[in-house]
Amino acid sequence: MKPPPFEYHAPVSVDEALAALAETGPHGKVLAGGQSLIPLLNMRLAAPSHLVDINRVGELNTIAARPGGVRVGALARHAAVERSAEAAAVLPLLRQALALVAHPVIRNRGTVVGSLVHADPSAEMPAVLALLGGSVRLARLGGEREVAAADFFTGPMESAVEPGELAVSAFFPAPPPRSGTAFQEVARRHGDYAVAGMAALVTLDEDLRIAAARVACVSVGPAPVVIDLSDACDRRPAASVPWDAVAAAVRDRIDPDGDIHATAEYRRHLTGVLAVRALKDAARNAGTEAADE
Amino acid sequence: MTTKLFGEPVQRREDARLVTGQGRYLDDLGPGALAAAFVRSPHAHARIKDIDVSAALDVEGLVAVYTWEDLPGALAEPLPLLIPHPALTHGRTAYPLAKDIVRHVGEPVVMVVAADRYLAEDACALIEVEYEFLKPVVGVEEAAQGVHLVHEDVPGNVGAHLVQEVPSREGRSAAEAIDAAPNRLEFRLDIERSASMPLEGRGVYARWDADDGSLRVYSSTQTSTSVRMAVAAKLGLPLPKVEVIAPDVGGGFGVKIVHPWPEEILVPWAARTLGREVKWTEDRREHFVSSAHERAQVQHVRVGFDDEGHVLGLDVTILHDHGAYTPYGIIVPIITSTQLLGPYKIGAYRVEFSSIYTNTVQVTPYRGAGRPQGVFCMERTLDRVAAYLGKDRTEVRAANFIGPDEFPYDQGLIFQDGRPLVYDSGNYPESLRMLKELIGWDSFPEMKARAAAEGRRIGIGIGCYVEGTGVGPYEGGHVQVTSDGRVHVSTGLTSQGQGHETVFAQIAATELGVPIERVSVVTGDTRRFGYAVGTFASRAAVMSGNAIALACRKVREKALRIAADALEADPRDLEITDGIVHVAGTPSASIPLATVAVLSNPLRYAFDEETKRATQFSGTSAPDRPPVDEGEEPGLEGRDYYSPIRSTFASGMHAAIVETDPETAEITILRYAVVHDCGKLINPMIVEGQIHGGVAQGVGGALYEKMVYDEHGQLLNASFMDFLMPYATEVPRIETAHLETPSPLNPLGVKGAGEAGVIPVSAVIASAIEDAEGIPIDRMPISPSDLHTLRLRLAG
């Protein structure tokens, strides 16, 4: 379990990193937290001939919380975002989800943007970005573009990042007022990738009825599966929502696979259960939010 | 008194070193050594047509490439079959490097030696092996049909077949007793594969000394003495020219008792051939596919019982999957079939096992070594008997217990050591009473009802076991008191984290009357002690503990004799306290043990203060006798061996309360209680630590761990991402209570404790889930997904 040979680049600025990526094109791979890439290299499942290590690019180590949302730079570690009180105030979902990302030592090193680019359909942060309708900013030598979450996750472990591009930041928009969020998952062991799970967002109307409800499911498709459940919640207060119908609506919309940890049938069942739990939590949090207004 | 340490919860003396990164594990040694890496078979069953190494030869730093054809003499022969047995009619072992045919994914085919491991792996990646595919045989039931063969010359894939039968007192066979019984049940049980999975894998580091013609080998092994003999034999070296040392070893749990591993002889051979230091450190991926697994069995059970729950006849047929090779013989299924009976006396018993070859990693003992499967069988059986009769599960167990006054109790079977299975001591009714009290068995129905009222499902389970521990044939101990008053203890068996530096020092300090700080312990170093068997079968405390105690008693006897001379006292009046020999009741008439050590040697160069001081005492030898008298030896040291007539039998009972989520089918262990009897406790804290570790591995086997092979013989979960060893977060707090039923078989009255914790856990958790869910649980492990499937099956 040692990586094959590669050439190592250690830029200290975004410009230098982009130059290295432009030069190496499809043969270059960005190293940030390394929590997925290093094992892939050591198992020789990936063999890029160039590694562009951005850990010295200090300008990417940013967390900017504004009323409209949180922009996370490419070097912001999971742990830093998780602990950011400013980020949590704008968007509690970040902390709710990050607490479920692996274990503290992995969160100390791994990055939020790295997790998005890695695009593991079982990972929490892609689901969060998808649920909120966020975006990823991709820079290349001489330009940059902002890619919406819906277009960013193109398949299992596949994202819209092109050769020569560097994901410099991700933007997580804040939901409207009277909204609440939650993350629910079941993992085989504490900190494992979820067998099933989801991020949920509920927005209440002025009468505290559910005006909008949405979930983004993990581990049940090639990319996060966003499901709008506003109709299923029937614009009722949480206490009288027909939750069985909501669970059924979720189960109808997903097509999970079975694997060595769970059958497809169990995943489908579990996703319905967790959707209801997450939506109830989110509705409760939205109620608290509304009461604070 | 400060020196009576036997039985005290002395803190582990090795921990400060180990937890602060000061341990010296295999890969910490030889930083400048060449690195070995292996090309391993990617196929489960194939014929090697050609090996093309040419592309690898350009790798900078490559030193050597070896295939089977390069191996000389005994190295080219199959590896030894360590423990033959008459029933193992078709034992087969692998070659160190595959010759012609590979029989499991991970079998070593080519060894590469290079300047470092990176380059060695680069070279491995460039070596092309051409294979002709053969039909992989996967799954013990498919293999048992014998349609395709793992070894061409092993018909039916049957390596071994053994039947043991004990008739009832009335002379009935098991079949007759079952047929005549008022109640009968018949069912099938399945247990999955797991593995020892020590956090440190295997590893070997060898240095050849050309000037001396000698070889030093470090191996992460559970038996350095036997590795030494294997290396000497395979390399054709005189035994005194080979020394083998087990450095700090990061866990063994059974897999490292197998020897010699291919790498354990290939790496020393390469070191000698190249005249260079060579090291190989197993990585995790290699460990999954090229070391050993255990546990997998299919069991068919027939049981007959009366209306009180007495088992009148039991018939168990076991299909045991032993993988591609049998280097360690059939110890595992023998233990399953004999230890299955646990603390019970039953009417008539028949057990039959077939040990079957498959194209998977070989099966050798893993902590528990066949017992978890046997206990799963017996305890599932008793739960079914209880359910059938509508009786409390503990009542049915109590009805079948061997009574406290029935020891020694002969089960009428032949145990793993080839000797009769005779339990030496135990008190099972008292164990059960303690366990019921600890877990609150009798009040559980109310707890369950309260939970049900809240929409929660909880269940309670129980499992009992007896464990033969401390198998022979022997271990030895050597104890030397040097003239500085220090006590040097050595024993040949190895340590993998058990706490031997602490418990053996406790024994020596207590026996010799010295402060523990003056005692040092060395294990697993053939330079210090050449004769040993190894650390497995919960035997270290029993075997080496007693040997060290006996060696200490020799030293003590000699010390008192010399001190009596010096003090002009009767040795029978002397005691040793805090390292001082003194006349009982007269502390002023005393001599330090250090001085006694000086006096024990007629050569007294005044190198140190103690030696200078010793001259004040008159000589110990009379002028008309030689300085070292007949029958005497210079020095204050002793060596002794302990060799038991047979194993000693520890026992225990566990209970657990689990909760199952009605929606997600998640399984949570709310409480876990253990009553444990390993005879006299040397160090209760270490025993509890052993129990905790064992239960943790048991939880793995019950709820998480399995080796998932596909039909091609590919292991689908060969990483810690997908092979789910429980984390600390998955292991419940463990409540323990000790019962001490001393063993009458050894001087210290101790029994083994190393494996105990793991043995009944699957049975206990199955029992508890069954109680919570009302669904028969007949296979382990069980995941939330599995439980969900069972619920659907029950519902529909």
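**Figure 1. Contacts of Arg169(B) in the predicted model.** Arg169(B) touches Lys345(B), Gly347(B) and Tyr409(B), leaving aside residues up to four places away in sequence. The model shown here and in the other views is predicted. Arg169(B) sits in a loop of chain B. Strand E7 (158–166) lies on one side of that loop in the sequence, and helix H4 (174–180) on the other. Is Arg169(B) buried or exposed? Its relative accessibility is 72%, over the 50% cut-off, so Arg169(B) counts as exposed. Ala348(B) is 179 residues away along the chain, yet the C-alpha atoms of Arg169(B) and Ala348(B) are separated by 7.9 Å.

**Figure 2. Leu314(B) in the largest nonpolar core.** This core holds 145 residues. Which of them touch the most other members? They are Leu314(B), Tyr672(B), Leu703(B) and Ile765(B). The core also draws on chain A: helix H12 (residues 264–292) of that chain gives the most to it, with ten residues. The view centres on Leu314(B). Not counting residues up to four places away in sequence, Leu314(B) touches Ala174(B), Ile178(B), Val301(B), Arg302(B), Val303(B), Leu340(B), Ile346(B), Ala348(B), Tyr349(B), Arg350(B), Met378(B) and Thr381(B). A separate core of 54 residues lies apart from this one. Its members include Leu91(A), Val101(A), Ala149(A) and Val168(A).

**Figure 3. Ile254(A) in the loop before helix H12 of chain A.** Ile254(A) lies between helix H11 (243–253) and H12. Is Ile254(A) buried or exposed? Its relative accessibility is 4%, under the 20% cut-off, so Ile254(A) counts as buried. Its contacts are Cys217(A), Val220(A), Val225(A), Ile227(A), Arg268(A) and Thr271(A), again without residues up to four places away in sequence. Ser219(A) is 35 residues from Ile254(A) in sequence. Their C-alpha atoms are 10 Å apart in space.

**Figure 4. Chain A, the setting of Ile254(A).** Chain A has twelve helices and 14 strands. How does its radius of gyration stand against the globule rule for 293 residues? The radius is 19 Å, close to the 19 Å that the rule gives, so chain A is as compact as a globular protein of that length. Its C-alpha atoms fill a box of roughly 60 × 45 × 30 Å along the principal axes. Buried residues make up 54% of the chain. Among contacts with a separation of 6 or more, 62% join residues 24 or more positions apart. The exposed area is about 12,000 Å², with 52% supplied by carbon and sulfur atoms. There are 28 positive and 34 negative side chains in chain A, and the centres of the two sets lie 5 Å apart.

**Figure 5. Chain B, the setting of Arg169(B) and Leu314(B).** Chain B contains 19 helices and 29 strands. Its radius of gyration is 28 Å, close to the 28 Å from the globule rule for 796 residues, so chain B is as compact as a globular protein of that length. The C-alpha atoms take up a box of roughly 95 × 70 × 50 Å along the principal axes. Of the residues in chain B, 61% count as buried. Residues 24 or more positions apart supply 80% of the contacts with a separation of 6 or more. The accessible surface is about 29,000 Å², and 51% of it belongs to carbon and sulfur atoms. Chain B carries 73 positive and 107 negative charges, and their mean positions are 2 Å apart.

Terms used:
Residues are numbered from 1 along each chain as its sequence is written. Chains are lettered from A and ligands numbered from 1 in the order in which they are written. Side-chain values use heavy atoms; hydrogens and water are left out. A nonpolar core is a set of buried Ala, Val, Leu, Ile, Met, Phe, Trp, Tyr and Cys residues joined through side-chain atoms within 4.5 Å. Buried means under 20% relative accessible area, exposed over 50%, partly exposed in between (1.4 Å probe, protein chains only). Helices (H or I, at least four residues) and strands (E, at least two) are DSSP runs, numbered from the N terminus. Contact means heavy atoms within 4.5 Å. The radius of gyration is taken over C-alpha atoms; the globule rule is 2.2 Å times the number of residues to the power 0.38. Accessible areas come from the Shrake-Rupley method with a 1.4 Å probe; for residues, only the protein chains shown count as cover. Lys and Arg count as positive and Asp and Glu as negative; His and the chain ends are not counted. The place of a charge is taken as NZ of Lys, CZ of Arg, CG of Asp or CD of Glu.
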